[in-house]
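I opened the model to look up charge pairs, surface patches, pockets and backbone angles. My entries follow in the order in which I made them.

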Amino acid sequence: MRNAKKCNKWLLPISFFLIQVASGQTVVGKWKTVDDRSGIEKAIVEIYKENGLLQGKIVKILEEGKQDAICSKCDDEFKDKPILGLHIFKDLKKSDKNEYKGNEMLDPENGIKFRGKLWLDPDNEDQLKVRGYLVFLYRTQTWYRVKEE
């Protein structure tokens with residue numbers, strides 16, 4: 001009985017630690033986007049799973065004066081739609097390398113769709129690498145995990 005009490009005393013803190021470690025190793029959650037050229041904080045993107053595939057939508061615009069921006073350069077169903085709430089990627093599939101890949105990622109600032117992938121930085125799980133490919137050129141941004149309070 002005495003050993004059981006000792007075990008229970010440590011069970012809750014260990015469980016809490018394991019839950020935090022497990023939840024910290026996922027791309028699911030909210031991420032702050034930062035322009036890799038200007039350093040300007042742009043938006044908060046919520047990444048979530050739906051039917052086993054990764055989805056991403058803009059849930060908050062951070063850039064001053066852009067809160068009511070529309071996707072004026074888009075030429076499809078997103079044309080002149082508000083950027084807030086816009087799905088910037090849909091149906092990304094997990095690869096063998098712990099990356100998520102897809103053929104339609106959208107940059108609402110310039111209206112361009114491209115194929116891309118994203119993955120957690122192996123040295124810092126609070127940083128997400130997001131890479132877009134246009135023909136044979138690519139560009140990679142680092143997004144930062146938003147800690148829920």
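**Salt-bridge network**

I looked for linked charge pairs and found Lys42, Glu63 and Glu109 joined in a network of salt bridges. I count a salt bridge when a side-chain nitrogen of Lys or Arg lies within 4 Å of a carboxyl oxygen of Asp or Glu. Before going further I note that this is a predicted model, in which local features need pLDDT of at least 70, side-chain atom pairs count only at pLDDT 80 or more, and totals for chains, interfaces and linings use all residues. Residues are numbered from 1 along each chain as its sequence is written, and side-chain values use heavy atoms, with hydrogens and water left out.

Within the network I checked the pair Glu63 and Lys42, whose closest N and O atoms are 2.9 Å apart. Glu63 sits in the loop between β3 (53-61) and β4 (87-94) and Lys42 in strand β2 (residues 41-50), so the salt bridge ties together parts that are 21 residues apart in sequence. I take strands (E, at least two residues) and helices (H or I, at least four) as DSSP runs, numbered from the N terminus.

Are these two residues buried or exposed? Glu63 is buried at 15% relative accessibility, and Lys42 is buried at 16%. My cut-offs are under 20% relative accessible area for buried, over 50% for exposed, and partly exposed in between, with a 1.4 Å probe and protein chains only.

**Other salt bridges**

How many salt bridges does the whole structure hold? My search returned 11.

I looked up Lys113 next and found a salt bridge to Asp76, with the closest N and O atoms 2.6 Å apart. This pair also links distant parts of the chain, since Lys113 is in strand β6 (residues 112-121) and Asp76 in the loop between β3 and β4, 37 residues apart. Lys113 is partly exposed at 29%, and Asp76 is partly exposed at 25%.

I also noted Glu99 with Lys101, where the closest N and O atoms are 4.0 Å apart. Glu99 is buried, with a relative accessible area of 10%, whereas Lys101 is partly exposed at 39%.

**Largest pocket**

I ran the pocket search on a 1 Å grid over the protein atoms alone; a pocket is an open set of points where a 1.4 Å probe fits, with protein on both sides within 12 Å along at least five of seven lines, and lining residues have an atom within 4 Å of a point. The largest pocket holds about 880 Å³ of space. That volume is the space filled by probe spheres set on the points, which are joined across faces, edges and corners.

Which residues lie nearest the centre of the largest pocket? They are Leu106, Asp107, Pro108, Glu109 and Gln141, out of 36 lining residues. Elements giving two or more residues to the lining are β1 (29-34), β2, β3, β4, β5 (100-107), β6, β7 and β8. The largest share, five residues, comes from β8.

I sorted the lining by type and got 21 nonpolar, five polar and 10 charged residues. Here Ala, Val, Leu, Ile, Met, Phe, Trp, Tyr, Cys and Pro count as nonpolar, Asp, Glu, Lys and Arg as charged, and the others, Gly among them, as polar.

**Nonpolar surface patch**

I found a nonpolar surface patch made of Ile112, Leu134, Val135, Phe136 and Leu137, with about 550 Å² of accessible area together. Patch members have over 30% relative accessible area and no salt bridge; nonpolar side chains (Val, Leu, Ile, Met, Phe, Trp, Tyr) are joined within 5 Å, and like charges within 9 Å. The areas come from the Shrake-Rupley method with a 1.4 Å probe, and for residues only the protein chains shown count as cover.

Phe136 lies in the loop between β7 (124-134) and β8 (137-145) and is exposed at 70%. Val135 is found in the loop between β7 and β8 and is exposed at 67%.

**Positive phi**

I kept Val135 in view for its backbone, as its phi is near 60°, a positive value in a residue other than glycine. Most residues other than glycine have a negative phi. Asp91 also has a positive phi, near 60°. Asp91 belongs to strand β4 and is partly exposed at 41%.

**Distances across the chain**

I checked Leu84, in the loop between β3 and β4, and found it partly exposed at 44%. Leu84 and Ala43 are 41 residues apart in sequence, with 8.9 Å between their C-alpha atoms.

My last look-up was Thr33, in strand β1, which is buried at 8%. Its C-alpha atom is 9.6 Å from that of Ile61, 28 residues apart along the chain.
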